[in-house]
Amino acid sequence: MKKRLFFAILLLSLVTGAMWAQGQSEGMRKLSLADFAITNLYVDEVDEGKLVEDAIRGMLEQLDPHSTYTTAEETKEMNEPLQGNFSGIGIQFNMNKDTLYVIQTIVGGPSEKVGIQAGDRIISVNDTTIAGVKMKNTDIMKRLRGKAGTVVRVTVLRKGVAEPIEFRIVRDNIPIYSIDASYMVDKETGYIRVSRFAMNTDKEFSDAVKALKKKGMKNLIVDLQGNGGGFLTSAIAMADEFLSDGQTIVYTEGRRSPRDDAFATKQGLFQQGKLVLLVDESSASASEILSGAVQDWDRGIIVGRRTFGKGLVQRPIPFPDGSMIRLTIARYYTPSGRSIQKPYDKGHEAYERELLDRFNHGELIYTDSIHFPDSLQFKTLNNGRTVYGGGGIMPDVFIPLDTTIYTDFHRDLLAKGVLNQYPVDYLDDHRKELMSKYKNIEQFDAGFVVTDEMFADLLQKAEAEKVKYNEEQYLKSKELIGAQVKALIARDMFDMTAYFKIMNPKNASFVKAMEIIRNDEEYNRLLQPKD
């Protein structure tokens, strides 16, 4: 025992001397020494890999809230929505009561080719039962996804068919789209909803703009509500569609990162015409870069609520095992010089609580609750309007959060899955009838009504899920509940564009955008200095 301890101490001394001799920084020498000592001398067995990961996380926690470490699996899951595709069977699904319901099959995808239909319930994958066993969504997705060209066997239950049906599906590359909806609101106004800034977003967006222009689009609403960002290059490419040649879109700068400017080119598809961007408190990062550029050059009107305030540039530093550090190296600045990043000097907990604090202080509801010091004033670059820095993009037209229609009862319907599941069940029972009666979304929107009988059925399902009924709250939220039920049925019958065609007229920011676009005087007034 003494010999082993002596040998360990001797070895530790030799390693320590070697590290000093290699010219490492004092901090790195201490870290390496601590790792060596714990791994070789600690009383119990330790997981050195976990120790190192915990140490990395601990170091990053001392920095800003967006410098992070992710394991190999976490890195893959994080990157997948931004890569533009993955390999799988090509379905949109909804999980309820431990059952996977097929909402839609991807057009031209593997599932559609073999005959999987909307409304099918997948009960097993490769002989593994997934229905009724409380399996996590991530575990189910792992079974459905896989390398392109590989085979997966799924068993489904289909309404009207007595026996389960087994399908053999060959996995293939499945596209992930970042444009949720694109349509003409009226004869001259187009609408495009962008859910994220992925690798292919700029191409998707330009294709959508070209298609709408062929339909007569002269004005455009771009919906960035809830868009948490993504690739900087996609945001720059989208901004380039609106701005003139040579105009700055964004620049980055950091302690070890010299200023780097991105400029617009001559290639813009929509450099003329009325433009309105919709944003809210969940619009972040790339959404803020696009909004800031449009606002600073007086190119369009920003409508909604102050954006999140994520303006730090992360550089991915991959490790051989697939894990990764995303390290903040610079800040984003709008063309006028505004830093997009909100303060984080009060710690990570306060930073994560900031949106809740905005709500509690009334900022999401009352415009007079928002105050900016004079030191944060900036001027737009064409018309000299006053805009503000200090974190996030403050819209030109403030739209308060409507708290009158959102109730605890409505929240519980969502949380228990009732509001999402009821449209699936209803369509399952009435699919043939509805598809025969309504050939397109326009017919459905004009003719379909959520009846009192449907509301009663929904309330019965809510009671079965132990959602506590509150008549006052139900009546306050009834119009919203009905709109969401109708929109979700439309989505499952047609596509995601159908959902937004029905829900947008209920969205105060969208309604205000249309008012502004239809009023030349108001649109032009908003682009001029208030004084």
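The count of aromatic pairs in this structure comes to 18. One of them is a convenient place to start: select Y183 and Y191, whose ring centres lie 5.2 Å apart with the planes at 45°, so the pair is tilted. Please keep in mind throughout that this is a predicted model.

**First stop: aromatic rings**

Are Y183 and Y191 buried or exposed? Y183 has a relative accessibility of 8% and therefore counts as buried. Y191, at 0%, counts as buried too.

Next, select F444 and F494. These two residues form an edge-to-face aromatic pair, with 6.2 Å from centre to centre and 65° between the planes. The pair links distant parts of the chain: F444 belongs to helix α14 (residues 441–447), whereas F494 is in the loop between α16 (471–493) and α17 (496–503), 50 residues apart. F444 is buried, with a relative accessible area of 0%. F494, with 21%, is partly exposed, because buried means under 20%.

Now add Y422, Y426, Y438 and F448 to the selection. Together with F444 and F494, these residues are linked by ring pairs into a cluster.

**Second stop: K342**

Select K342, which is placed in the loop between β18 (324–333) and α10 (348–352). K342 has a relative accessibility of 2% and so counts as buried. Which rings does K342 lie or sit over? K342 lies over the face of F308, at 3.7 Å from the ring centre. The charged end of K342 also sits over the ring of Y351, 4.8 Å from its centre.

Display the backbone of F308 as well: its oxygen lies 3.4 Å from a polar atom of the K342 side chain. Leaving aside residues up to four places away in sequence, K342 touches several residues, including E354, R358, G390 and G391.

**Third stop: strand β5**

Select residues 121–125, which form strand β5. In this strand 4 of the 5 residues are buried, so β5 is largely enclosed by the rest of the structure.

Then show the strands that pair with β5:

- Strand β4 (residues 99–105) pairs with β5 in the antiparallel sense over 2 bridges; here Y101 has R121 as its bridge partner.
- Strand β7 (residues 151–157) runs antiparallel to β5 and is joined to it by 4 bridges; L157 in β7 stands opposite R121.
- Strand β6 (residues 128–129) is antiparallel to β5, with 2 bridges joining them; T128 is the bridge partner of V125.

Finish at the hairpin of β5 and β6, which has 2 residues between the strands. Select N126 there, which takes a positive phi near 50°.

Key. Residues numbered from 1 in each chain as written. Predicted model: local features only at pLDDT ≥ 70, side-chain atom pairs only at ≥ 80, totals over all residues. Heavy atoms only, no water. Buried < 20%, exposed > 50% of the residue type's maximum accessible area, 1.4 Å probe, protein only. Polar contact = N/O pair within 3.5 Å; in protein donor to acceptor, adjacent residues only side chain to side chain. Contact = heavy atoms within 4.5 Å. Phe/Tyr/Trp six-rings, centres within 6.5 Å; stacked < 30°, edge-to-face > 60°. Lys NZ or Arg CZ within 6 Å of the ring centre and 35° of its normal. Pairing = 2+ DSSP bridges.
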